[in-house]
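Got the viewer open and a selection box ready? Let's take a walk through the cysteines and a few of their neighbours, one selection at a time.

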Amino acid sequence: MGWVGLAWLSALLFLSASSQLPDTDKGRKKIVHVLVFSSHRLAPELCTESCISQTTELPCSEDESGAVIVQTAPGKVLTHRGGSITLPCRYHHEPEHTNPARTRVKWTKVTDALVFEDVFVSLGRQQRAFGTYRGRVSLQGAGPGDASVQIHNVTLQDYGRYECEVTDDMEDDTGFVNLDLEGFSTPIAVHSGVVFPYHSRLGHYKLNFHEAAEVCAEQDAILASYPQLHAAWLDGLDWCNAGWLEDGSVQYPISRPRDECGRKGTPAGVRNYGYRHKDSERYDAFCFTSNLNGEVYFLKTYKKLAFGDAVKACELDGSTVAKVGQLYAAWKLQLLDRCQAGWLEDGSIRYPIVNPRARCGGPEPGVRMLGFPDRKFRLYGVYCYRKNQDAGGNEIIGNASAKTRSQVTSTGPTNI
């Protein structure tokens, strides 16, 4: 054939082979290699009918571990200080399966944006409570899928938002529960707590946000929330000095508009300065307290006392000098009415009036304040506070003593 014939034959063979390539591709299934990082379900979008894995024989569907689904209570759960409350949280798997030893339940409190405080954790039979929750928190454990916890001897600091997280191997889900506090219940009505304004002994507008939170805590209270301040305004609270709230805003309630409080022609309401710098700006504080686990009373003495002698007199009577928050709670929730000024723990002089009358500080009910007098040379009576106790001398908390409550939860191992 010669070299020319061989060249034509080679060209024809190349063209014939090239023309068959598309037909070969069309008849071949597409191969997808799937890298599996764990034994849990594959992403649904990776699982198609044309998927043939050359790396694993796992089916393209959920495996037996399944997803964890957490369900919590909508709205708020309510209790009172010193009481007990269940924070409801349940979980299940899709598809269903149970292995309690592999399931971890963790509760945290959301104290600020992206800031969490550990409350309680359990893994199988191991349980541990943290910080101020030790001895007060336990897992309800009412059957499979129950992640609810019970909090005993509820404090003002327990108020807020909680996260329930359930983890099973690498699957997890979360839910949230809001805990709110009320005062106490009667057959006639439900009494909420009480909001009260507070300022430093140095005068008004002397507290930054952190100092405001601290002074409220010192007076058996917490910084009030906006809903609490608004409810107090609806109940008649009128105060012409702006104060910090727990969210970092500065506000004040006006029931009777007047020129010295934002002009007389403006409508009544809660005036808002917005969110202020927590470190550098200074205002008063609005504090919130709830019902008392004890009694505030005016101590009968044969003479008026300086502050130091007042402290000793309460101690001799088996009590302590009452705090401002305790006096407000006794006035609002226990209807304490006494037209006699007395020392309080912060060195201020105050007295509670439920039924206004002549020479008792004006026509409106409230807690009257006479300022911060000299502790050594000014003489007054004193308001004392005595905790409720059982026959054995233990503090009564809710329906049980503090000694009993301390046995509720074992802190358990520390390595959960």
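Start with Val77: at a relative accessible area of 13%, this residue is buried. Keep in mind as you click around that the model is predicted. Val77 sits in strand E2, which covers residues 76-80. Now show what surrounds the side chain. Leaving out residues up to four places away in sequence, Val77 touches Ile85, Thr86, Leu87, Pro88, Val177, Asn178, Leu179 and Asp180. Pick Val177 from that group and draw a C-alpha to C-alpha distance: Val77 and Val177 are 7.6 Å apart in space, though 100 residues apart in sequence.

**Next stop: the cysteines**

Select the cysteine sulfurs. How many disulfides does a search of the whole structure find? The search turns up five. Counting bonded cysteines along the chain, the pairing pattern reads 1-2, 3-6, 4-5, 7-10, 8-9. We'll visit three of these bridges.

Zoom to Cys216 and Cys287, which are joined by a disulfide with an S to S distance of 2.0 Å. Cys216 belongs to helix H2 (residues 209-218) and Cys287 to strand E19 (residues 284-289), so this bridge ties together parts that lie 71 residues apart in sequence. Set a dihedral about the S-S bond of Cys216 and Cys287: the torsion is about -75°, so the disulfide is left-handed. Switch on a surface and both Cys216 and Cys287 turn out to be buried.

**Stay on helix H2**

While you're here, select the rest of H2. Which of its residues are buried? Phe209, Ala212, Val215 and Cys216 are. Look down the axis of H2 and these buried residues fall within an arc of 125°, so they line one face of the helix. To see what they pack against, select strands E14 (194-198), E15 (222-223), E16 (243-244) and E19. That brings back E19, the strand that holds Cys287.

Now check both ends of the helix. At the start of H2, a side-chain oxygen of Asn208 comes within 3.1 Å of the backbone nitrogen of His210. Following H2 is Asp220, with a positive phi near 60°.

**On to the next bridge**

Select Cys314 and Cys384, a disulfide whose sulfur atoms are 2.0 Å apart. This pair links distant parts of the chain, 70 residues apart: Cys314 is in helix H4 (residues 307-316) and Cys384 in strand E25 (residues 381-387). The torsion about the S-S bond of Cys314 and Cys384 is about -80°, so this disulfide is left-handed. Buried or exposed? Both Cys314 and Cys384 are buried.

**Last stop: a bridge between loops**

Finish with Cys339 and Cys360, again a disulfide, with S to S at 2.0 Å. Cys339 is in the loop between helix H5 (324-333) and strand E22 (342-343), while Cys360 is in the loop between strand E23 (349-353) and strand E24 (366-369), so the bond ties together parts that are 21 residues apart in sequence. Try the dihedral here too: the torsion about the S-S bond of Cys339 and Cys360 is about -120°, so the disulfide is left-handed.

Then colour the pair by accessibility. Cys339 comes out at 31% relative accessibility and counts as partly exposed, whereas Cys360, at 4%, counts as buried.

Conventions
Residues numbered from 1 in each chain as written. Predicted model: local features only at pLDDT ≥ 70, side-chain atom pairs only at ≥ 80, totals over all residues. Heavy atoms only, no water. Disulfide = S-S within 2.5 Å. Helix = DSSP H or I, 4+ residues; strand = E, 2+ residues; numbered from the N terminus. Buried < 20%, exposed > 50% of the residue type's maximum accessible area, 1.4 Å probe, protein only. Arc of directions from axis to C-beta. Contact = heavy atoms within 4.5 Å. Polar contact = N/O pair within 3.5 Å; in protein donor to acceptor, adjacent residues only side chain to side chain.
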